[in-house]
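Colleague: I would like a close look at the aromatic rings in this model. Please take me through how they pair up and where they sit, and then show me the setting around them.

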Amino acid sequence: MKIIVPMAGRGSRLRPHSLTVPKPLIPVAGQPIVHRLVKDIAKVLKQPIEEIAFVLGDPAWFGDDVVSSLEDLAKGLGAKASIYRQDQPLGTGHAIMCAKPSLSGPAVIAYADTLIRAEFDLDATADSVIWTKQVENPEAYGVVKLNENNEIVELVEKPETFVSDQAVIGIYYFKDVAVLKGKLQEILDENVMNGGEYQINDGIKRMMAEGKVFKTGTVDEWMDCGNKAITIETNQRMLSFLKADGDEQLVSASAKLDNSTIIEPCFIGENVILKDSTVGPHVSIGNNSVIENSSVKNSLIQTNTTIKNANLDDAMIGNHVKYDGNYTSISIGDYSVLE
């Protein structure tokens with residue numbers, strides 16, 4: 001089994017954070033989004049992962065440190081890491097085809113701006129499985145249309161009339177991803193574009209037209225990381241899941257508490273110092289950060305950041321920030337200073 005992860009875009013909805021840290025690398029509950037996504041997919045698949053192919057963008061944003069962290073991620077799952085570059089933002093189909101040498105055999109394709117919780121077995125009778133989540137407002141999503149055999153027969157983007165309540169979340173399984181590769185090559189050769197981009201859906205539709213069987217794999221939880229508010233909500237939900245699972249040590253043994261209280265669930269990274277502060281619930285603090293004389297809840301604070309004299313709720317703060325004040329709902333990027 002292979003996992004293909006297009007993650008070239010930086011994203012605009014998470015600025016200023018995604019100006020200096022690519023969106024898939026923003027940490028949620030102490031780990032970058034892409035790391036958690038890949039690990040969760042590997043857990044669902046319940047089979048050895050042979051290769052993980054990452055499609056990255058501009059080396060100025062996805063540099064050697066990013067490559068090294070992704071190689072370590074793959075190694076930790078017993079897999080080979082393959083690194084590809086998408087030099088132009090030409091859509092999902094184009095991103096996948098940038099990993100063309102890896103597109104053979106069974107594979108999962110997953111876009112690295114979402115997190116999931118799921119437990120199911122892949123349908124062995126299907127040529128492909130599209131992972132979906134039941135939603136209350138399907139008109140806001142791309143959804144699948146099913147026939148009487150619960151096979152996907154159509155993909156419908158933001159339907160004005162009800163088609164189904166199963167929204168496509170951006171994770172796909174292909175029994176042989178080379179079939180998709182062939183269809184996407186046709187899309188590229190014929191210059192078939194939607195919205196100025198080459199889309200995975202156009203390749204999938206050609207597979208459906210040839211009678212390939214598509215089924216749904218329904219996830220229990222689908223957590224987006226598209227903007228500040230929803231990323232903080234995802235951090236909260238993920239911390240609660242991890243606390244219930246009990247599989248991860250959420251508070252580092254090297255964290256130092258001085259007259260401070262942690263209200264779980266929280267993630268507290270390596271060498272974090274908490275002084276005269278109350279932290280939690282639902283707070284993630286990255287390595288080497290300092291919280292002093294402050295109250296912090298429902299917030300995500302990255303690495304090497306110092307917070308003093310603050311009362312924070314629903315805050316998202318980047319790396320290497322120095323913050324002193326009493327603002328409450330803020331979004332601060334890397335290397336900012338507020339005094």
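Modeller: Happy to help; I will start with the ring pairs and then move outwards to the rest of the chain.

A word on the ground rules. The model is predicted, so to speak of local features I need pLDDT of at least 70, side-chain atom pairs count only at pLDDT 80 or more, and totals for chains, interfaces and linings use all residues. Residues are numbered from 1 along each chain as its sequence is written, and side-chain values use heavy atoms, with hydrogens and water left out.

Now to the rings. Rings of Phe, Tyr and Trp (its six-membered ring) are called a pair if their centres lie within 6.5 Å; planes under 30 degrees apart are stacked, over 60 edge-to-face, and the rest tilted. That rule gives three aromatic pairs here. One of them joins Tyr141 and Trp222: the pair is tilted, at 5.6 Å centre to centre with 55 degrees between the planes. Tyr141 sits in the loop between strand 8 (128–134) and strand 9 (142–146), while Trp222 belongs to strand 13 (residues 221–224), so this pair ties together parts that are 81 residues apart in sequence. Helices (H or I, at least four residues) and strands (E, at least two) are DSSP runs, numbered from the N terminus.

How covered are these two residues? Buried means under 20% relative accessible area and exposed over 50%, with partly exposed in between (1.4 Å probe, protein chains only). Tyr141 is partly exposed because its relative accessibility is 26%, whereas Trp222, at 18%, counts as buried.

Another pair is made by Tyr172 and Phe174: the ring centres are 6.4 Å apart and the planes stand at 25 degrees, so the pair is stacked. Tyr172 and Phe174 are both buried. Ring pairs also bring in Tyr111, which forms a cluster with Tyr172 and Phe174.

Helix 6 (residues 200–209) adds to the setting, with Ile200, Asp202, Gly203, Ile204, Met207 and Met208 buried. Strand 8 and strand 11 (166–174) are among the elements that cover those buried residues, including also helix 4 (92–97), strand 10 (152–157), helix 5 (177–189) and strand 12 (214–218). After helix 6 comes Gly211, with a positive phi near 90 degrees.

Further along, the backbone has some details to look at. Most residues other than glycine have a negative phi, and most peptide bonds are trans. Asn259, in the loop between strand 14 (256–258) and strand 15, has a positive phi near 55 degrees and is exposed at 60% relative accessibility. Asp276, in the loop between strand 17 (273–275) and strand 18, has a positive phi near 50 degrees; Asp276 is partly exposed, at 34%. Glu264 and Pro265 are joined by a cis peptide bond, omega about 0 degrees, and Pro265 lies in the loop between strand 15 (261–262) and strand 16 (266–268). The bond from Gly280 to Pro281 is cis as well, with omega near 0 degrees.

Stepping back, the chain has seven helices and 28 strands. Buried residues account for 50% of its 339 residues, and the C-alpha trace spans about 65 × 40 × 35 Å along its principal axes.

Terms used. Contact = heavy atoms within 4.5 Å.
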